[in-house]
Amino acid sequence: TQRPLPMSRFRSVLIVSVKYCLLLIAFSLLVGMASNAGASDPLDWPNWRGPAQDRKSTETGLPARWNPKGGAESNLLWKRDDLGSISTPVVLNGKLYTIVRSEPGTSREGEKVVCVDAATGKTIWENKFNVYLSDVPDTRVGWSSCVADPETGHIYALGVCGMFQCFDGETGETLWSHSLHEEYGLLSTYGGRTNVPVLFDDLVIISAIVIGWGDMAKPAHRFLAFDKSTGELIWFKGTRLLPYDTTYSTPSISMLGGQAALIFGSGDGAVWALQPRTGKPIWKYQFSRRGLNVSPLVVDEKVYAAHGEENIDDTTMGGLICIDPTRGGSKGAAGEIDLTGAGEVWRVKEVMIGKSSPLLIDGTLVVVDDRATLMGFDANTGERKFRKKLGTVMRSTPLYADGKLYLCTANGRWYTLKIDGDRVKTLYKMRLPAGEGSYGSPIVSHGRLYIPTTENLYCVADQTSTTASVSEPSEATEETAPAESEASHLQIVPADSLVRPGQKINFRARLFDERGRFLKEVPADFTAEGPGTIGADGVYVAAGTSSHQAGVVHGKVGSLTGTARIRVVPDLPWLFDFNDQ
């Protein structure tokens, strides 16, 4: 027989065992968090347009009816009256993220990103920030929507005053941020029009009307592409100078002819496609005399777009179009292909679709105009198939899931519809409580509908039904760059820097082929124009100056050249006068 362990020895063994178990649990949690961050769940809804950027879901078993007042048969799981907003929520890894007003009606009112448990609605974290340097009214706060990154688990959001931030999706910690108004000249307007970020590869891309300095002194609709992990500015490009309007057309990223393209409606009234890694223009189609706010839909390499402004060729208002980028056109001023006219498959005028984005359902292009009239058009010919009046004002975009079309008008009329060929059947309709309307759009994730209104955020599900998901065809992929692919574009990174006197920046040179595919990072011949010096290794040292100065770094690799911009800003205090003018 063995002698029993002394009590002191027993305690030591117990402590070691507990510590070992705790280490195993911690390791398992870390592995699980890493697994969640890297996995892409097809039932998540990571951006306001959905996983495929088309406002469609593959989920089944979803309810047709619900009641905002609750009750035994209401299908209402939870609601939050403090999360009512004009933003569309997103869902990732069991969490819902949205932007709302913070401390409304108080002297501390601002904006915040909120994370809640998607199943229960309980708050997990909040990240509050100020609204400043803007005259946006409180009812326009939360105009943009969050974007969730399945790869990293990070959340990205743009505030109405141009505060662009990256958050840890688990904790709400701000990982990096940029005040786009102060750093880059973003124009914050009374209307509050604020764009939505999009993700591509290692980039997060945002746009606005920007009034800058030097060659960017005139306003344009410009895009800023940041490294999504570090916040470093990779490229900074725009469309035509002096645009007609601000814009909130969320870009689509798609493969057109095997080439990655960022397709969007611009403030200059044109539909554009840019290379998402470089910002170089691919093509444009001049569509309207004012800015475009509707997000384009890309299906089978056709681009569908709409507007509610004046057409370019007459005085009629509103238009709906199908563009085929393969049809070719003339060379534009920025090196793009101008598809205006030539790229048109069909166009319908005098349909004012200025806010709600289109959907494609079984060969029918489904749209809702600004006066809440639902219309369907043959996607191949543009022939109208049906028309149904729903209300008086429409701002949000419908959701198509489980064979049903879910939508809510700005004056609070809810519809669950079914489209059957040339007919529209009403499955359910009701009115929200008085004064409650919809500007954000409904979404679906893991069998639950999330419905944002100006007064509440609702979570709806049929708990008696089993939800599932049907498979869809795989998306088109980008053609791999051949080993012998020739470089045609030189990118100098970071693209634009704001530094203190004496501060160092490490510039890099990156090569891309003509289709915007990254090739490699290479040494370059660097020169500095303006304050500061740069060495052969790309390390720039800002001048030790007491005044504000600006300069440009030039890079050269073979026959290719690229530039990056620098501003040197001394520490406070500053003194300005007109003695040198």
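These exercises walk through sheets, single residues and empty spaces in one structure.

The model is predicted: local features need pLDDT of at least 70, side-chain atom pairs count only at pLDDT 80 or more, and totals for chains, interfaces and linings use all residues. Residues are numbered from 1 along each chain as its sequence is written, and side-chain values use heavy atoms, with hydrogens and water left out.

**Exercise 1. The sheet of six strands**

Task: Find the order of the strands in the open sheet of six, and name its edges.

Step 1. Fix the terms. Helices (H or I, at least four residues) and strands (E, at least two) are DSSP runs, numbered from the N terminus. Two strands pair if DSSP finds at least two bridges between them.

Step 2. Read the order. It is E16-E17-E18-E19-E24-E23, and the pairing is mixed.

Step 3. Name the edges. Strand E16 (252–256) and strand E23 (330–331) each have a single partner strand, so one side of each is left without a neighbour in the sheet.

Step 4. Check the parallel part. Strand E19 (residues 281–286) and strand E24 (residues 337–338) run parallel, joined by two bridges. Trp283 has Ile337 in E24 as its bridge partner.

**Exercise 2. Strand E18 and its two neighbours**

Task: Work out how E18 is joined to E17 and to E19, and state whether the residues of E18 are buried or exposed.

Step 1. Take E17 (residues 259–265). Four bridges join this strand to E18, and the two run antiparallel. Here Ile263 stands opposite Ala273.

Step 2. Take E19. E18 and E19 are antiparallel too, over five bridges. Ala273 has Trp283 as its bridge partner in E19.

Step 3. Look at the turns. The hairpin of E17 and E18 has four residues between the strands, and Gly269 takes a positive phi near 85° there. The hairpin of E18 and E19 has six residues between the strands, with Gly279 at a positive phi near 80°.

Step 4. Judge the cover. Buried means under 20% relative accessible area, exposed over 50%, and partly exposed in between (1.4 Å probe, protein chains only). In strand E18 (residues 270–274), five of its five residues are buried.

Step 5. Sort the directions. In a regular strand the side chains alternate between the two faces of the sheet. Ala270, Trp272 and Leu274 point one way from E18, while Val271 and Ala273 point the other way.

**Exercise 3. The sheet of four strands**

Task: Describe the open sheet of four strands and find its edge strands.

Step 1. The order is E20-E21-E22-E25, with antiparallel pairing.

Step 2. Strand E20 (297–299) and strand E25 (344–349) are the edge strands, each pairing on one side only. From one strand to the next, the twist averages 15°.

Step 3. Zoom in on one pair. E20 and strand E21 (residues 302–310) pair over three bridges. Val299 has Lys302 in E21 as its bridge partner.

**Exercise 4. Backbone exceptions**

Task: Locate two cis peptide bonds and two positive phi values outside glycine.

Step 1. Val493 and Pro494 are joined by a cis bond, with omega about 0°. Pro494 sits in the loop between strand E38 (487–493) and strand E39 (496–499).

Step 2. Leu572 to Pro573 is cis as well, with omega near 5°. Pro573 lies in the segment after strand E47 (560–568).

Step 3. Arg55 has phi near 60°. Its loop runs between helix H1 (7–38) and strand E1 (56–57). Arg55 counts as buried because its relative accessibility is 1%.

Step 4. Ala372 has a positive phi of about 60°. Its loop lies between strand E27 (364–368) and strand E28 (373–378). Ala372 is buried, at a relative accessible area of 0%.

**Exercise 5. The largest cavity**

Task: Give the volume of the largest cavity and describe its lining.

Step 1. Define the space. On a 1 Å grid over the protein atoms alone, a cavity is a set of points where a 1.4 Å probe fits but cannot get out; lining residues have an atom within 4 Å of a point. Grid points are joined across faces, edges and corners, and a volume is the space filled by probe spheres set on the points.

Step 2. The volume is about 120 Å³.

Step 3. There are 17 lining residues; Leu186, Leu187, Arg193, Thr194 and Ala208 lie nearest the centre. Strand E13 (residues 203–210) gives the most to the lining, with three residues.

Definitions and conventions: Axes are lines fitted to C-alpha atoms, for helices over the stretch in contact, and angles run from 0 to 180 degrees between N-to-C directions. On a 1 Å grid over the protein atoms alone, a cavity is a set of points where a 1.4 Å probe fits but cannot get out, and a pocket is an open set with protein on both sides within 12 Å along at least five of seven lines; lining residues have an atom within 4 Å of a point.
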